[in-house]
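I opened a fresh page for this structure and meant to go through it slowly, one look-up at a time. The entries below follow the order in which I worked.

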Amino acid sequence: MVEKLADQPDGSVEKLADQPDGSVEKLAEFAFSPEQVQLREAVRKFSAENFGEQRARVLMETDPRFDPKVWRRLGSELGVLGLSVPESDGGAGGTLVDQAIAVEELGAALACGPVFGTVLLAIPALVASPPGTVRDELLAALVEGTRTAAFAVSDVAGSFDPARVTVTGTGTLTGTVERVVDGAADVLLVAATDADGVALYAVDASGPGVQRTDLVTLDLTRPQATIELSEAQGQLVAGPEEAERVINHALQVGSALLAAEQVGAAQHLLDLSVEYAKSRLQFGRPIGSFQAVKHRLAEGLVDLEHARSAAYHAAWALADGSDDPALAASIAQATASAAFTRIATDTIQVHGGIGFTWEHQAHLYFKRATTDAALLGSAEAHRSRVAELVLDEAVADRAPRVAAGTR
């Protein structure tokens, strides 16, 4: 079998394989374009100047727990908040892979801000929603960084279950949504049930009938709140005929982007551990020369590379429809969640006594890893979801494409 490579406009590399019967099979491999490499460098430079351990320690004690000026610069100067938003909607007109690159760098820097609620969930939901005044104005404001949003919709392993919606009403909404990440945002996207089904509404978080109760969380850089609505005014974003599709799309994109963020944070920790293992001496030798430490770091690298491949495959699959989006997103979350949690735990172990102290940055990333592992479904829940999609729901003559390895 002879393989040939052909660059594609979306940054992928199409591998053409000559088959024995004379046909040509198309196999796909991904490679970052020069523009995407430049994007990574730009976001990394911005993050080094505006985020990081010391900045996170300050911001997690403030209200709000991020710098609104820096957030606006992410939107207006770098265009990072709307990389995958079409230009017609005020975005950069890039791909979901571009967005994943930026989110990975923000994760590495432990960026404080409503990344989860706004970038990972609210913006994808609005992009997928039908055009309209409410949708268009809110999306433009989120992309520019002048407003923030939270996604007040419950999920089961990154998928939407209408039966779990706890808010009712048409126009005026009543109900409670627990554990909303970035619940202190300006706008809440809320799923509500009425006689016609489930619809998605935008609710002014500072308006009448909205009560927010801040929760005590493990990760102080990623705040959560309980949202109680009592005849709160909601503006329709997606009606019953569109809402379920919109919400599922947002949850799948959020799962893929969260995986990219976890990859960035895990890479930072692994780099930190490798450097420490080279410099920390014990019995006159660098601890990195001991087999137990070397094996721990090597296993972390293997986990990380698996997670990176799964995360970018999910972003790529969601962008071009090459694979089943639900399956790709669940594989990414199952892999990245487990990798980040393990690497965060191992980082503390490799650093020994200093790794357990408040002064060291390891605990900040460990808390982020533990929190992220519970958002949009645990690794175990996503593995179960993968099993359902592949074993229970798949048809024998039409296997899920990502499982079969074909386009």
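Before listing neighbours I fixed one term: I count two residues as in contact when they have heavy atoms within 4.5 Å of each other. I also noted at the outset that this is a predicted model.

**Entry 1, the chain as a whole.** I looked up the secondary structure and found twelve helices and twelve strands in the protein chain. Of the 407 residues in the chain, 51% are buried. I then turned to the contacts with a separation of 6 or more, and residues 24 or more positions apart account for 68% of them.

**Entry 2, the nonpolar cores.** Which residues touch the most other members of the largest nonpolar core? I found Leu 120, Phe 151, Leu 189 and Leu 200 in that role, within a core of 97 residues. The element that gives the most to this core is α7, with 17 residues. There is also a second, separate core of 19 residues, and Ala 152, Ala 199, Tyr 201 and Ala 225 are included in it. I wrote beside this that in soluble globular proteins nonpolar side chains tend to be buried together.

I followed Leu 200 further and left aside its neighbours within four places in sequence. Its contacts include Ala 125 and Val 153, then Leu 189, Val 190 and Ala 191, and also a run from Gln 235 through Leu 236 and Val 237 to Ala 238. Ala 243, Val 246 and Ile 247 are in contact with Leu 200 as well.

**Entry 3, strands β4, β7 and β8.** I looked at strand β4, residues 149-152, and found both of its faces covered, with Ala 149 and Phe 151 buried on one side and Ala 150 and Ala 152 buried on the other. Strand β7, residues 187-194, runs parallel to β4, and four bridges join the two. Phe 151 has Leu 189 as its bridge partner in β7, and both of these residues are among those that touch the most other members of the largest core.

On its own, β7 is mostly covered, since six of its eight residues are buried. With strand β8, residues 197-204, β7 pairs in the antiparallel sense over eight bridges, and the two strands form a hairpin with two residues between them. I checked one pair in this hairpin, and Val 187 has Asp 204 as its bridge partner in β8.

**Entry 4, Leu 188.** Is Leu 188 buried or exposed? This residue lies in strand β7, and I call Leu 188 buried because its relative accessible area is 0%, where the cut-off for buried is under 20%. Leaving aside neighbours within four places in sequence, I found Leu 188 in contact with Ala 150, Gly 183, Tyr 201, Ala 202, Val 203, Ala 205, Val 210 and Ile 227. I also noted that Leu 188 and Gly 234 are 46 residues apart in sequence and 9.3 Å apart in space, C-alpha to C-alpha.

**Entry 5, cavities.** Searching the whole structure gave four cavities of 30 Å³ or more. The largest holds about 70 Å³ of space, and its lining has seven nonpolar, two polar and two charged residues. Among the lining residues I noted Ala 152, Phe 160, Asp 161, Arg 164 and Ala 191.

The second largest cavity has a volume of about 50 Å³. Helices α7 (243-279), α8 (291-320) and α9 (325-351) each supply at least two residues of its lining, which divides into three nonpolar, three polar and two charged residues. Leu 270, Arg 296 and Asp 346 are among them.

**Entry 6, backbone exceptions.** Most residues other than glycine have a negative phi, and most peptide bonds are trans, so I looked for departures from this. The peptide bond from Asp 63 to Pro 64 is cis, with omega near 0°, and Pro 64 lies in the loop between α2 (53-59) and α3 (68-76).

Asp 182 has a positive phi of about 60° although it is not a glycine; this residue sits in the loop between β6 (172-181) and β7, and Asp 182 counts as buried because its relative accessibility is 7%. Phe 283, also not a glycine, has a positive phi of about 55° and is found in the loop between β11 and β12 (285-286). With a relative accessible area of 74%, Phe 283 is exposed.

Conventions. Residues numbered from 1 in each chain as written. Predicted model: local features only at pLDDT ≥ 70, side-chain atom pairs only at ≥ 80, totals over all residues. Heavy atoms only, no water. Buried < 20%, exposed > 50% of the residue type's maximum accessible area, 1.4 Å probe, protein only. Pairing = 2+ DSSP bridges. 1 Å grid on protein atoms, 1.4 Å probe; cavity = no way out; pocket = protein on both sides within 12 Å on 5 of 7 lines; lining within 4 Å. Points joined across faces, edges and corners; volume = space filled by probe spheres on them. Nonpolar A, V, L, I, M, F, W, Y, C, P; charged D, E, K, R; others polar. Core = buried A, V, L, I, M, F, W, Y, C linked by side-chain atoms within 4.5 Å.
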